[in-house]
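Student: Hi, could you walk me through some side chains in this one?
Tutor: Happy to, let's put it on screen.
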Amino acid sequence: MRMLMNKTVISTESLVSNIRTATLHDSKSINNLSLHLGYGSTPQDLADERLKCLLESKNDWVWVFEESDDILGWIHLFKAHRVASSTFYEIGGLVVNPETRNVGIGRRLVEFAVKHSEVQKSELRVRCNSKRLDSHLFYEKTGFVNSKKQFVYRMSL
């Protein structure tokens with residue numbers, strides 16, 4: 001990774017080989033990147049606990065894109081089981097460091113998730129907040145098709 005006019009430049013070779021399964025050691029970097037989702041800060045011990053749970057799950061996968069010992073992006077994929085519909089895979093989260101966006105890291109992480117889903121002969125889905133127009137464009141460019149609009153209802157307990 002090198003800087004060019006205040007923009008980080010990623011070597012093309014690294015886009016192919018720098019994705020690996022996350023480890024608990026990556027938790028702090030993943031947590032820091034997650035701030036860019038706009039949800040606010042998560043205490044590190046809670047972030048560690050969440051990542052540990054995902055890493056131990058047989059239905060969840062977390063991969064990171066690493067360049068020169070820096071985690072520049074991560075993706076979470078999970079297998080969703082439903083009573084009344086077919087099993088599918090869903091991207092539960094995707095973040096790329098804003099300083100390294102638009103160089104192919106997010107696309108490579110999504111392609112990695114696509115390959116995993118294809119091996120399982122399953123559909124891949126992703127949900128996006130309606131306010132994140134740049135994410136909508138990204139996923140459409142990556143090959144996703146908007147299949148429905150929905151509301152999310154919450155109940156605080």
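Tutor: We'll go through cysteines, a histidine and some aromatic rings. This is a predicted model, where local features need pLDDT of at least 70, side-chain atom pairs count only at pLDDT 80 or more, and totals for chains, interfaces and linings use all residues. Residues are numbered from 1 along each chain as its sequence is written, and side-chain values use heavy atoms, with hydrogens and water left out.

Student: OK, how many disulfides are there?
Tutor: Zero turn up in a search of the whole structure, a disulfide being a pair of cysteine sulfur atoms within 2.5 Å.

Student: And Cys-53, buried or exposed?
Tutor: Cys-53 is exposed, because its relative accessibility is 51%. Buried means under 20% relative accessible area, exposed over 50%, and partly exposed in between (1.4 Å probe, protein chains only).

Student: New topic: what does His-116 touch?
Tutor: His-116 contacts Trp-61, Trp-63, Leu-77 and Tyr-89, leaving aside residues up to four places away in sequence; contact means heavy atoms within 4.5 Å.

Student: Why does His-116 count as buried?
Tutor: Because its relative accessible area is 19%.

Student: How many aromatic pairs are there?
Tutor: Five. Rings of Phe, Tyr and Trp (its six-membered ring) pair if their centres lie within 6.5 Å; planes under 30 degrees apart are stacked, over 60 edge-to-face, and the rest tilted.

Student: Why is the pair of Phe-138 and Tyr-139 edge-to-face?
Tutor: Because their planes are at 70°, with the ring centres 5.1 Å apart. Together with Phe-144, Phe-138 and Tyr-139 form one aromatic cluster.
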